[in-house]
Structures are given as structure tokens and as C-alpha cells.
Amino acid sequence: MAPFSRAKDPKLTPLDALETRTPQEIAEHFGVDAEQGLSAAEAERRLNEYGPNELRTTERESAFVRFLRQFADPLVYLLLVAIGISVVAWAAEGAEGLPIDGIVVAVIVLANAVLGFVQENKAADAVAALSAMTATRATVLRDGLMVSVPASEIVVGDVLVLGEGDAVGADARLVSATSLQVQEASLTGESTGVTKSVDTLDAPQQIGDRVNLVFKGTAVARGVGRAIVTRTGMDTEMGRVATLLDATESEPSPLEREIARVSRTLGILVIAIAVVVMLALVLVNGVHSVAEAIQVLLLGVSLAVAAVPEGLPAILSLVLAIGVRVLAQRNAVMKDLHSAETLGSVSVIASDKTGTLTKNEMTVREVVTASGRVTLEGVGYTPKGKLLAPSLAVLAEAALVLNGGARANNAQLAKVDGSWQIQGDPTEAAFLVAERKLEAAGPIPALERLGEVPFSSERKMMSVIGRREDGTASILAKGAPDVLLDRCASEYVDGSEVPLTAERRDYWQAQIRDLAEQGYRTLGVALRDADECECDAFDDSCERDLVFVGVASIIDPARDESVQAIAEAHGAGIKVVMITGDHPITAARIAQDLGIVGAGEQARTLTGAQLDAMDAAALVEAARDVSVYARVSPEHKLRIIAALREGGAIVSMTGDGVNDAPALKSADIGIAMGITGTEVTKQASHMILGDDNYATIVAAVRQGRVIFDNIKKFMRYLLSSNMGEVATIFLGVVFGGLIGLADPANPAATVVPLLATQILWVNLVTDSGPALAMGVDPEVDDVMARAPRRPDARVIDGHMWSRMISIGLVMGVVNLVIYDLMLPGGFLAGMTEGVPESEQLAVARTTVFTSLVMMQLFNALNSRSDMSSAFTHLFSNRWLWISFAVAIVAQIAVVEVPLLQSAFGTVGLDAVHWLIAVAAGAFVLAFEEVVKVIRRRVIHR
Ligand SMILES: Nc1ncnc2c1ncn2[C@@H]1O[C@H](COP(=O)(O)OP(=O)(O)OP(=O)(O)O)[C@@H](O)[C@H]1O
């Protein structure tokens, strides 16, 4: 589609020096009413005409090119050359019959390419589905209504509605802004937020000074605003630097690197073996004709093509893609495939408390005043429940606390369809609910709001200034009581204001501690009469000399699943860390209730203030055994992550607010909240939690481990199977002559246990199917019963190499024995009595060919676990059995169908031969079962 710069509608051509134009000019130029936004129909028209709002500089390759790329492999070139030579030789020899080998090899190469193409496409589709799921969204005005649309659907003329934590979806001119601050570091490199306004500028400015414009790719740090979109997609300021962004290719993941390394090493080894095999054939048999030379070449190259694990990266991405889809179904949406890999090695889960470990359903339980305590019954947001107060005087004081907390408040409580619902911050809503429970105690006082200093996790308090019904102005503040007490000079006792002495401060601290020990979240309330001048210029400097009225304690029940999930994480050797803005004693108690520390144990707690006093090295030490960080701000999270990572951990960290974004980026797995999280945190994260639930994180880590295990399984399967193929040919050719395998009467023909086309066939029917089935294997060994994988641990370690090589050798030796025994003069040759001697060779070879296929299938059962018997989980993966069935049917066809017989040089087999093949496969299974028994004994001893 045409980019916007080539717009067909002259009215919508981009304007220059936007910052010097008034909002009215902009609205007129782009044909929009700033109050109503575009109509849905007009937005759709513009989207169709000018294309999506996306930064894309490279087009996806066409399907044909991607298909052709399947052949882009030196070994395949070599095979194609060999086919070419065989066809030429066939033509030169008079073109009799058909060049069977050439045709068969070509068909197999084509089939492999189709398989690779399908796999690649499936993986690409999964990645595309992921990016649709994690696409940034934006709020725009359409037909006068606020609607949330994918950012890619924003069009020029749309009115963007911006709020804290929103990602700015396109370049736009502000038409309204209230305390709007935008983080433009991604564009300008300037890390401090830029305060925005609607004022029209006199002259064009540098990008960082265009204060009445907002730009795609930046984020709203605070405040609200509306803006008319002036440029989208590649026309935006971000679009201009996007070519640069595209140039920086994403780094391959450690796993991709390891797989590339393994593929390369094995590739070289296999090619070397293939060369040795070819040389041995030439030396043992001699080459008597062009046809024989071509046979040798085809055999060598086919062996290399079959055994070089060039398909590993494609299967890896497909397996990861499938794993990521399973994760998404379980509410853990990964942003990229690589993160799914990392997930399995997470060794620390650092999580916010409120809303993730707990329900974030706040209920005021007790109100502590200077004269006593009032208890409120009932849970949830229904304002029903008794009040238990020792005296009317205490009740009046408690009313003051709740009225104050309910005025210094931005939440709403309303009865919708018969049930009470809240809007806004649950902590604030708790005050509204509690106040209504108190309604009987007196009317709810009104306050006309004049100003507000908002709450932030850094400040841990908020205040409002307002005018009462009697015309006087008041400041009302609520916040963490320890923070609030520092701003108070006096307190209410028995209805009068008295100075807050050191002793009384101690009294309040003791009350707060007592509430915190019971696991309550505590909020203090304070107030004072305001000066008229403060009404005009209300800011945090006015939050002083307040009168402390009391403390409300709030329960926030733990999510039921959290306790179990934490126990599971502990069982899996994962350290659980809680991070909260709450009081350290509250946090420690909740940590105990959740099982973050053992029963009766005291959680090692570090507060934000203590953290500030530590240098990096001290923090690394402390982070080893601290499990609770309390009274921290989002900025502290960065240091906590750095310290944990420095200590060798792979850290996952949750976040929801706009200030959490840097921490999420720096974690190994940054987790954004899908429901309560801001767009900015979602963008910065590696994983989005669909249900904001802690248990989902642990479930995702489990799934990450399963994915990693499955990667190991299919690698083990593919590589050991390839080794079996190589060993069969290599041992046959190199040692066959030595042990007298070659028939002295016909040495040239007998020495090769498998034909080139047969090798390619084994590779085609046994590789992809079972390997992919293993990629979706259910959890076979309890993946949470072991410690996290060390980040530097290899997928294929020394132990796995030895297991793969041994199984490969077993396959080779067993095949060699079968072959030897079945050749004329061999022990089993009697079974082919009646069969003409000339066919005995084909029978022996077909039996070995079938036996190799069977071995691969049985070996798939081996590869599903390192330790536990294949029989403990025999039928748990139906895909595996489907792939077996396909392979077996194909093998029966290639052995019994005449057309395929002539193509692959096979002959029909008797039941006994089939039995031999199956027995050989079973032997491979039995061998591994014995190894596993020994391993279980040794390890459990
Ligand atoms: N809306 C609010 N107004 C005033 N004070 C608040 C408000 N919300 C919380 N507080 C106070 O600030 C403290 C810290 O709250 P904050 O929201 O930063 O932490 P948190 O909810 O525990 O965060 P997390 O999600 O990280 O666990 C609370 O213990 C409470 O005393």
C-alpha cells in the first residue's frame, strides 16, 4: 500500500513545522473534529488508502523464494550435481529405461524441501500470531466515543487519548494536556521526561523542544492529554530512524548458537566419514565404470545429506513456536521464541505483591485512632458489615479517618446491576466501602476538589485540597503512615488537636507495627485547614504541619493458588522474592503466610532505605538471602535485578506501572500484567501475564522447562538416529571387508549394506515426524523436581554425547551382524533357501534397511527420557504413535509395492525378516532400558 507521503488526498499531505500551527489549523487540515474524532467509516477509508501504521522496511520474502531457499545448502547442491551426472551418464549410455536413482533422489530432495518449507511457515505463522497478541494498543476517539484499537490501525486525523503508561502510537499534535509528561528517550536519548503543553510555538524547533507534539514510540510518564495524529507509520519521526533499527539484526540465542555449533561440528564429521566411506569403496572394490563411480558418489553424498543435522534450526523454531502457543493458552504470552527458552532456566522469580501474589481486593478491617480501635466486619466491595466500636467517641474519630480517606480519593463505588462495583485503585475504593458501612454514624461530608498532589509509588502518599460546605478550605492526605507521620506536627485526641510528642510518635509506630504484624496494609490519614493561597498553588510543599487522625488497616487476601505455586517453585529450586511498597513488617508477615519463608522462620527483609545505603557489592551479597524487599520504589527494582544477576541468577521480574518498564527490560524475563499493566510495561516485557496471576508465572516456568526438555529429546533422537545411519554404512563399508562380509564372488555389490536411495528414505520417513512429535511431548519426567538449568549448561553435554554415540554404535553393529548373517553363506542365509542367490543380497539389504527404520522408531521411545523407562509413559504422546504409524506404513509400501521396490532396490520380505527387523529395533530399546536401570541405581544410591 502507498505510504502516506504519496497520499492521494491532497488535503492530508503532511504539514511541515507542525509545532507552529494551532490545534484548529491542524484539525481543519486533517479533516477532523477534535471533540468527536473521525467516524469509524472515515478511519477505515484512510486505513485502506494509506496503509497500516507500522514501521516496516523489509517485505517478507515471497513463498516461492522461501521454498527455493530450502535447497540452499552445499550438500543439496552436491546431491543435485550427482543427480545431474547420473542423468547425463544414463543419456550417454543410450537412455534405456529410466534413470531411477536420479529420479528417486530428486523426489526425496523435493519432499525434504516441502517438509522444511511447511515447518518454517508454521513457525512464522506462530510468531505472527504472537505479535498480533502482543500488539500495542491505543485509545482513539471515533464517532465521539473512546475506543481501543491496535496501534497499527491509527490513521492520520485520529484523536489519540493519552494517559499515564500509554505508548504514543503515532506522531500527533496535542489539543489538550494536563500535567502531561512524556518519556522521549527512545527518540532523543534524553532520559528526563518532557513536559508537554498545547501552546503553539513561534518558530520551528529541534525535535526535543517540540513540546506541543508527541511522537510514535515514546511513552506517557504521567498526566493526560489528547492529540490529533499528523503522521503514521514510516512517515513518523520514528519511521525515519527505523531503517537503522532494522539493520541491527537480533542476536541468535545461546541455544541457537549451540545448535549451530553442533550442526557444524557434526556436519564436518559426517562429511569426513562420507569421504572415508567413498575412499574405502574405491579402494575395496575399485571403480570399473562411470556408473559405479556415480554410485559411489551418490552413496557418499546421500549419507552426508541424511546424517548432517541441517534441519535442526528449523525444527527448533517450530518446537519453540508450538511451545509458545501452549504458553499463550495458559495465559502466559511470550513476546518472542527465545524468551520461551530462557523461561526454563529462571532461578529467581521476583514478584510484586499486590495483585499478583494477593487478590488486590482491599477491605478496611480496623481503624486505629488516638482513643481506641474500631473493627469493621464484612469482606469485598459490598458496603455491608457491622462496626464494633468501644465508644461513640472512638467511632467519631474513626469516622474522621474514613471520611478523610474517602475524600483524598479518586476511586468510585457504584451499584451496577444489583452488585457493588469499584472503579479505580482498590486501596482507595476500600475507604469508600468502609465509609458507607459507617453511614449510620453520620452524613458523608462533601468536599469540592480544588487540587491534588497524586499518589506515586515513590511518594507513597497523596493529598487533596478542597472546599467544605461551610466554605473553609482543607487539606486531606492519606498514605503510608510512617511517611505521613513525618509530615504531621499534631494529632487528634478526644476531638482536639494536640502536639505530636516523641512519645506519641512511638505510640503510633507501635500501633502500625502491631497491625503490620497481622499482615495488614496500613494507611494513615491526616488533615489540616488550608490557607487561601494554598488553594491556588497546591503542591507537595503544602503537605506539612498536618494533623494525624489515625490509621486504617486493610486486608488484601492472598490468592489461593499463590501458596501452592510458591511451594512448587521452591521444590524446583527457584528462589521466590517478593517486592512491595508495603511496610516491611506487613510484607514479612505476608511472606510467611504465603510460604515464601518456612513456617516459624523470619523472612530476610530489606527496605528501600537500607538498599539505598548499600553499594553494589554489598547488595549482591545481601540479595543472596533476602526474600522480601519492602517500602521500595520501582527504581529500586533495577538495582535488585542487577544484584541478583551479578550473583549468577536468571531473574524474572513482574511490573505493572510505567516506572517498572526499565526493570522489566533489564530482567532476563520481564513480566507485564495483562489486565492492570500499562502499554509501556507490556512493550518492555518479555512475557505478558493474561490473568495477572502469580501461579501462571510458575506454570509458565514449568512449561518453559518442558519445552527445553523437548528440545533435548528431539536433538537426542535426531542426532543418535543419524549416528545409527552413519555407523551402519561406515561399519559395513570399512569393516565389512575385514570380517568377510563381502561375498568373494561379488565383492563390489555386497559391501554396501544400504543403497543411496535407501539412506535418503530412512532420513525422510524417520526424522521429521518423530522429532516433531517429541517437540510436543507432554511432561515425562517431573521437570519441577530438579534445580534450574545452569545458564551456561549445554543442551548436549558429555553424558548425552556418550549416550548418543553408544546407541548409534549399537545400531551400526546390530545391522552389520544381521547383514552378515543373512548374506549367502551366513548363519541366517538358510532362511532365504529357495530364494535365488542373486536375490539373497537384496533380501539381506532390505532387511537391514527395514531394521534401521525400526531402530529409529524404537529409539524415539528411548529419547523421551534420560532416566525413566520408556514403558512408564509409553502412550502419552499420540503424535509419536501417529508418526510411527506413518513411518511403518511407508516402510511396508517401500518394501512390498512393486513400483517402489524397483525405485528403492528392495524386495518383498517374509514375516521372519520383518520379525528380525522389529527384534533389532527392540534390542535398541532394551539396550537403553538397561542403561537407564543402571543410571537410576547409581544416581539413587
Ligand atoms: N492510593 C493510595 N493513596 C495513598 N497511599 C497509598 C495508596 N496506595 C498505597 N498507598 C500507600 O503506599 C504504600 C505503598 O503502596 P504501593 O502501591 O507502592 O505498593 P504495593 O501496592 O505494595 O505495590 P506492589 O504492587 O509492588 O506490591 C502502601 O503500603 C500504602 O501505605
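**Close-up 1. The β1–β2 hairpin, six bridges in the antiparallel sense.** In this predicted model, β1 covers residues 137-142 and β2 covers residues 145-150. Look for arginine 137, whose bridge partner in β2 is proline 150. Two residues sit between the strands of the hairpin, and aspartate 143 takes a positive phi near 55° there.

**Close-up 2. From β1 to β3, and from β3 on to β7.** β1 has another partner here: β3 (residues 159-162), which pairs with β1 in the antiparallel sense over two bridges. To find your way, use leucine 141, which stands opposite valine 159 in β3. β3 in turn pairs with β7 (residues 219-231), again in the antiparallel sense, this time over four bridges. Valine 161 is a handy marker for that pairing, since it stands opposite arginine 226 in β7. As a general reminder, strands of a sheet pair through backbone hydrogen bonds, either parallel or antiparallel.

**Close-up 3. An open sheet of eight strands.** Reading across the sheet, the order goes β8-β27-β26-β25-β9-β22-β24-β23, and the pairing is mixed. The edges are β8 (332-334) and β23 (605-607), each of which pairs on one side only. From one strand to the next, the twist averages 20°.

**Close-up 4. The β23 edge of that sheet.** What does β23 pair with, and in which sense? The partner is β24 (residues 628-630), and the two strands run in the parallel sense over three bridges. Leucine 606 stands opposite tyrosine 629 in β24, a good pair to pick out in this view.

**Close-up 5. Helix α21 against helix α22.** α21 spans residues 616-623 and α22 spans residues 634-646; their axes are 8 Å apart and the packing angle is about 70°. Angles of 65 to 115 degrees count as roughly perpendicular, so that is how α21 and α22 sit relative to each other. On the α21 side, the contact is made by Ala616, Leu619, Val620 and Ala623. α22 brings Arg639, Ile640, Ala643, Leu644 and Glu646. Sorted by class, the residues of this contact are seven nonpolar and two charged, with no polar ones.

**Close-up 6. The shell around the ligand.** There are 22 residues around the ligand, and the ones that come nearest are Lys353, Thr354, Ser457, Ala480 and Gly581. Which elements give two or more residues to the shell? They are the helices α12 (353-357) and α14 (426-437), plus the strands β16 (461-468), β17 (473-479) and β20 (521-529). By class, the shell has six nonpolar, eight polar and eight charged residues. Domain 3 and domain 4 each supply at least three residues to the shell.

**Close-up 7. How the domains divide the protein.** Domain 1 takes residues 1-249, and domain 4 takes 363-555. The other domains are each given as two segments: domain 2 is 258-327 + 707-940, and domain 3 is 332-357 + 559-692. Between the C-alpha centres of domain 1 and domain 4 there are 48 Å.

Terms used:
Residues are numbered from 1 along each chain as its sequence is written. This is a predicted model: local features need pLDDT of at least 70, side-chain atom pairs count only at pLDDT 80 or more; totals for chains, interfaces and linings use all residues. Two strands pair if DSSP finds at least two bridges between them. Axes are lines fitted to C-alpha atoms, for helices over the stretch in contact, and angles run from 0 to 180 degrees between N-to-C directions. A residue is near a molecule or strand if its C-beta atom, placed from the backbone, lies within 6 Å of it. Ala, Val, Leu, Ile, Met, Phe, Trp, Tyr, Cys and Pro count as nonpolar, Asp, Glu, Lys and Arg as charged, and the others, Gly among them, as polar. Domain bounds come from an automatic or database domain assignment. Angles under 35 degrees count as roughly parallel, over 145 as roughly antiparallel, 65 to 115 as roughly perpendicular and the rest as oblique. Two residues are in contact if their C-beta atoms, placed from the backbone, lie within 7 Å.
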